[in-house]
Amino acid sequence: MLLDETPLFEPSLLRDLDWSSNTVSFSPPISPSCPGEGLVLRPLRTADFNRGFFKVLSQLTKTGDVTPEQFTKKFEHMKNTGDYYVIVVEDTNLGQIVATATLITEHKFIHSCAKVRYIPAGCLLVSTLTLLSKKLNCYKITLECAPKNVAFYEKFGYAASDETYMQCRFFD
């Protein structure tokens, strides 16, 4: 596969979101269809490999050295499963990715074999993925959050639960 404009998922999923049910107000007003002057919110594309996608990811964690071949292979896997919704914000003036977030589906046996979505996280991105999860008929959406960030996510309708998320890291 070439590094082209193929989207990870159908862009109409973002265009068709009911933004009126968003729980957070923005000043100035923004939405997935109008994220700000010179900005576009859209699904990840393979060509984003050359638009600074990994530079944005490296602000969050170590990314390692990823080749275009590795990227397209992982992209194709994610696209084929239909369980990954990676969205990006592109600054069209710079032709660069400036933000990203991911919604991941977990298929459950509980709750009548329902689905749950997880989002690793920014305001517009959290709002968009929360609404997208609702549109995809998930019974819940969860995220990992440090205690100091709880108030931020409460603005979006999230609440702390008795469940805790722990991790065991094998690499830094």
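**Exercise 1.** Which element gives the most residues to the lining of the second largest pocket?

*Solution.* The model is predicted, with local features requiring pLDDT of at least 70 and side-chain atom pairs pLDDT 80 or more, while totals for chains, interfaces and linings use all residues. Residues are numbered from 1 along each chain as its sequence is written, and side-chain values use heavy atoms, without hydrogens and water.

Step 1. A pocket is an open set of points on a 1 Å grid over the protein atoms alone, where a 1.4 Å probe fits, with protein on both sides within 12 Å along at least five of seven lines; lining residues have an atom within 4 Å of a point.

Step 2. The second largest pocket holds about 740 Å³ of space. Its lining comprises 30 residues, and Ile141, Leu143, Tyr158, Ala159 and Ala160 are the closest to its centre.

Step 3. Two or more lining residues come from each of α5 (123-135), β5 (140-142) and α6 (150-154). The greatest contribution is that of α5, with 5 residues.

**Exercise 2.** Determine how strand β2 is paired and whether it is covered.

*Solution.* Step 1. Strands are DSSP runs (E, at least two residues), and two strands pair if DSSP finds at least two bridges between them.

Step 2. Strand β1 (residues 39-43) runs antiparallel to β2, joined by 5 bridges; here Pro43 stands opposite Ile87.

Step 3. With strand β3 (residues 96-107), β2 forms 8 bridges, also antiparallel, and Tyr85 stands opposite Leu103. Their hairpin has 4 residues between the strands, and Gly95 there adopts a positive phi near 70 degrees.

Step 4. In β2 (residues 84-91), 7 of 8 residues are buried (under 20% relative accessible area, 1.4 Å probe, protein chains only); the strand is thus mostly covered.

Definitions and conventions. Buried < 20%, exposed > 50% of the residue type's maximum accessible area, 1.4 Å probe, protein only. Points joined across faces, edges and corners; volume = space filled by probe spheres on them.
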